[in-house]
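Biologist: I am new to this structure and would like a close look at one part of it. Please start from one residue, say where it sits and what surrounds it, and then put it beside other places that help to read it.

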Amino acid sequence: NHKKGSLDTAYFNGVSWDIETVDNEGDVGWDSVLAIDQRTGFPRIAYYDITNKAFKYASFDGKKWDIATVVKLKGGGWGTFLALDPKSGYPLLSYYDSLSKEVKLARFDGSSWKVETIDKGSHVGYRNAVAADKTNGLIYVAYYGLNGTVKLASFDGNLWHKIIIDKNVDINRGASLAIDPKTGYPYISYHSSDQTLRVASFDGTAWISKGIDKGGGKGWDNTMVLNPKTGYPVIGYYAADDKL
């Protein structure tokens, strides 16, 4: 019974919050992810339209919102994430295809959206995140894989290379991904099966996983960015005791 729901944005003007409706055609705005185009300073949003079983992309040009349908799915989808290509500014959108049971990447090349499969299997990519290295443009997708794993796929321009980061993961609770601009190494935040928010990072030789907050379902729906001044991670997340 999904009939109506809108995608809104809230912008703080220094005194109060300005709230604007971006899209209200049907029940839209699920799994919304926002990114700021560093070249223009304007927001970009990826989100799911449950009415049409479609992933959409909204971009603001300073006056109005342009809304594009990225892909329509016969069986629906879930878990979209957004990054902007550091060189072109074009969007990269990762998502889970419920019918084919695949995690996919849709990328805009300036004229159309190209879709490719990264990995497949039941609930593979049900939660996912995409990021791009600002130095070399390398694309990373972190996602939940088979048998309670969190995986990282990297695209070298020709092939996807996939590795397992952790084997003790709760696949339903969200993952996030960020790239250290100084080293080019990824950070992945995720929720492990022992009810702990964890962060896995690569030090140039090996992956190191650290427990950040444990107990009570800590780490659900986590979102991570790296502080641009220090390079250290900053994470927002939900805990099962109804705290953000």
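Modeller: The residue I pick is Asp-133, which lies in the loop between S11 and strand S12 (139-145). Keep in mind that this is a predicted model. Asp-133 is buried, yet it has no salt bridge. The nearest side chain of opposite charge belongs to Lys-134, and it is 8.8 Å away. A salt bridge needs a side-chain nitrogen of Lys or Arg within 4 Å of a carboxyl oxygen of Asp or Glu, so at 8.8 Å Lys-134 does not qualify as a partner. What does Asp-133 touch, leaving out residues up to four places away in sequence? The contacts are Pro-86, Leu-138, Ile-179 and Gly-184.

Other charged residues of the model do have partners. By the salt-bridge rule the count comes to 12. One of them joins Asp-49 and Lys-56, whose closest N and O atoms are 3.0 Å apart. Asp-49 has a relative accessible area of 0% and is therefore buried. Lys-56, at 9% relative accessibility, is buried too. Asp-49 and Asp-133 can thus be set side by side: Asp-49 is buried and takes part in a salt bridge, whereas Asp-133 is buried without one.

Asp-49 also leads to a strand worth following. Strand S4 covers residues 43-49, and seven of its seven residues are buried. In a regular strand the side chains alternate between the two faces of the sheet. In S4, one side holds Pro-43, Ile-45, Tyr-47 and Asp-49, and the other holds Arg-44, Ala-46 and Tyr-48. Both faces are covered, as every one of these residues is buried.

S4 pairs with strand S3 (residues 28-36), to which it runs antiparallel, joined by six bridges. Within this pairing, Trp-30 of S3 has Tyr-48 as its bridge partner in S4. The hairpin of S3 and S4 has six residues between the strands, and there Gly-41 takes a positive phi near 80°. S4 also pairs with strand S5 (residues 54-60), again in the antiparallel sense and over six bridges. Here Ile-45 stands opposite Ala-58 in S5. The hairpin of S4 and S5 has four residues between the strands, and Lys-53 takes a positive phi near 50° in it.

Those backbone angles deserve a short remark. Most residues other than glycine have a negative phi. Asp-31 is not a glycine, yet its phi is positive, at about 50°. Asp-31 is found in strand S3, and with a relative accessible area of 22% it counts as partly exposed. Lys-101, also not a glycine, has a positive phi of about 55°. Lys-101 lies in the loop between strand S8 (91-97) and strand S9 (102-108). At 36% relative accessibility, Lys-101 is partly exposed.

Back to the charged pairs. Lys-104 forms a salt bridge with Asp-97, with 3.1 Å between the closest N and O atoms. Lys-104 is buried at a relative accessible area of 13%, and Asp-97 is buried at 7%. Arg-127 and Asp-221 meet in another salt bridge, at 3.9 Å from N to O. This pair links distant parts of the chain: Arg-127 is in the loop between strand S10 (113-120) and strand S11 (128-132), while Asp-221 is in strand S19 (residues 220-226), 94 residues apart. Arg-127 is buried, with 17% relative accessibility, whereas Asp-221 is partly exposed at 47%. Salt bridges that share partners also build one network, made up of Asp-97, Glu-102, Lys-104 and Lys-120.

For contrast with the buried charge of Asp-133, consider a nonpolar place on the surface. Phe-12, Trp-17 and Ile-19 make a nonpolar surface patch of about 380 Å². Trp-17 is in strand S2 (residues 17-23), and its 56% relative accessibility makes it an exposed residue.

To return to the starting point, Asp-133 is a buried charged residue that lacks a salt bridge, and its contacts include Pro-86 and Ile-179.

Note on methods. Residues are numbered from 1 along each chain as its sequence is written. This is a predicted model: local features need pLDDT of at least 70, side-chain atom pairs count only at pLDDT 80 or more; totals for chains, interfaces and linings use all residues. Side-chain values use heavy atoms; hydrogens and water are left out. Buried means under 20% relative accessible area, exposed over 50%, partly exposed in between (1.4 Å probe, protein chains only). Helices (H or I, at least four residues) and strands (E, at least two) are DSSP runs, numbered from the N terminus. Patches are made of residues with over 30% relative accessible area and no salt bridge: like charges are joined within 9 Å, nonpolar side chains (Val, Leu, Ile, Met, Phe, Trp, Tyr) within 5 Å. Accessible areas come from the Shrake-Rupley method with a 1.4 Å probe; for residues, only the protein chains shown count as cover. Lys and Arg count as positive and Asp and Glu as negative; His and the chain ends are not counted. Contact means heavy atoms within 4.5 Å. Two strands pair if DSSP finds at least two bridges between them.
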